[in-house]
Amino acid sequence: EWDGVDLRPATYDALRRWFRAQRKVLKAGDTLLIFVTDHGTRGKDDLDNGNIVLWGEQMSVVDFRALLDSLAPEVRVVSVMSQCFSGTFANAIYPLGESVPQGNACGFFATRNDRYAYGCYPEGRGKDQIGHAFQFIDGLRRRGSLLDAHDQVSITDDAPDVPLRTSDLFL
């Protein structure tokens, strides 16, 4: 329970219902920020289709893209993801079955699709406020924009993460 907040379980079904309901709420020009600090797993057969660990299940890039496709195409989606193998979700810029981005999704990621994030390294366990998510939040506080926050993380974070953004993948 959290006063004033409608909490829901971290399951794919709950996310699907939330996105379906938001299709009626989010309109052209709105921006949805998705911030993930959960665990991630490597794609078993495809590094470009890794997973976010939910409650007792996982959500793949393809599943995530299906959620994004349930929104109106004019809704902008910005993802900030700090989980292991988070770079795999940079592929969400491509609509399902397409090889060219639609232009409504972008994101910032802790590391590539083939690497663990620093939060899962033994050296980082037990330490407070380390890793990409905390660095990114600090960058937002100091700089005020997502791009500037990413730039700050890329320059100042000395963790073994490899921060990237969707334009890095696309280019």
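**View 1. An open sheet of four strands in the predicted model.** The strand order is E1-E5-E6-E7. The pairing is mixed. Strand E1 (31-36) and strand E7 (164-165) stand at the edges, each with a single partner strand, so one side of each has no neighbour in the sheet.

**View 2. Strands E5 and E6 side by side.** Strand E5 covers residues 76-81, and strand E6 covers residues 105-109. The two run parallel, joined by five bridges. One residue pair can be picked out here: Val77 has Ala105 in E6 as its bridge partner. In general, strands of a sheet pair through backbone hydrogen bonds, either parallel or antiparallel.

**View 3. The whole fold, with five helices and seven strands.** From the N terminus, the elements follow the order α-β-β-β-β-α-β-β-α-α-β-α. The radius of gyration is 16 Å, close to the 16 Å from the globule rule for 171 residues, so the protein is as compact as a globular protein of that length. The C-alpha trace spans about 45 × 45 × 35 Å along its principal axes.

**View 4. Interior and contacts of the protein.** Of the 171 residues, 41% are buried. Take the contacts with a separation of 6 or more: residues 24 or more positions apart account for 68% of them.

**View 5. Surface and charges of the protein.** The exposed area is about 9,800 Å². Carbon and sulfur atoms supply 51% of that area. The protein carries 19 positive and 24 negative charges. The mean positions of the two sets are 2 Å apart.

Methods:
Residues are numbered from 1 along each chain as its sequence is written. This is a predicted model: local features need pLDDT of at least 70, side-chain atom pairs count only at pLDDT 80 or more; totals for chains, interfaces and linings use all residues. Side-chain values use heavy atoms; hydrogens and water are left out. The radius of gyration is taken over C-alpha atoms; the globule rule is 2.2 Å times the number of residues to the power 0.38. Buried means under 20% relative accessible area, exposed over 50%, partly exposed in between (1.4 Å probe, protein chains only). Contact means heavy atoms within 4.5 Å. Accessible areas come from the Shrake-Rupley method with a 1.4 Å probe; for residues, only the protein chains shown count as cover. Lys and Arg count as positive and Asp and Glu as negative; His and the chain ends are not counted. The place of a charge is taken as NZ of Lys, CZ of Arg, CG of Asp or CD of Glu. Two strands pair if DSSP finds at least two bridges between them.
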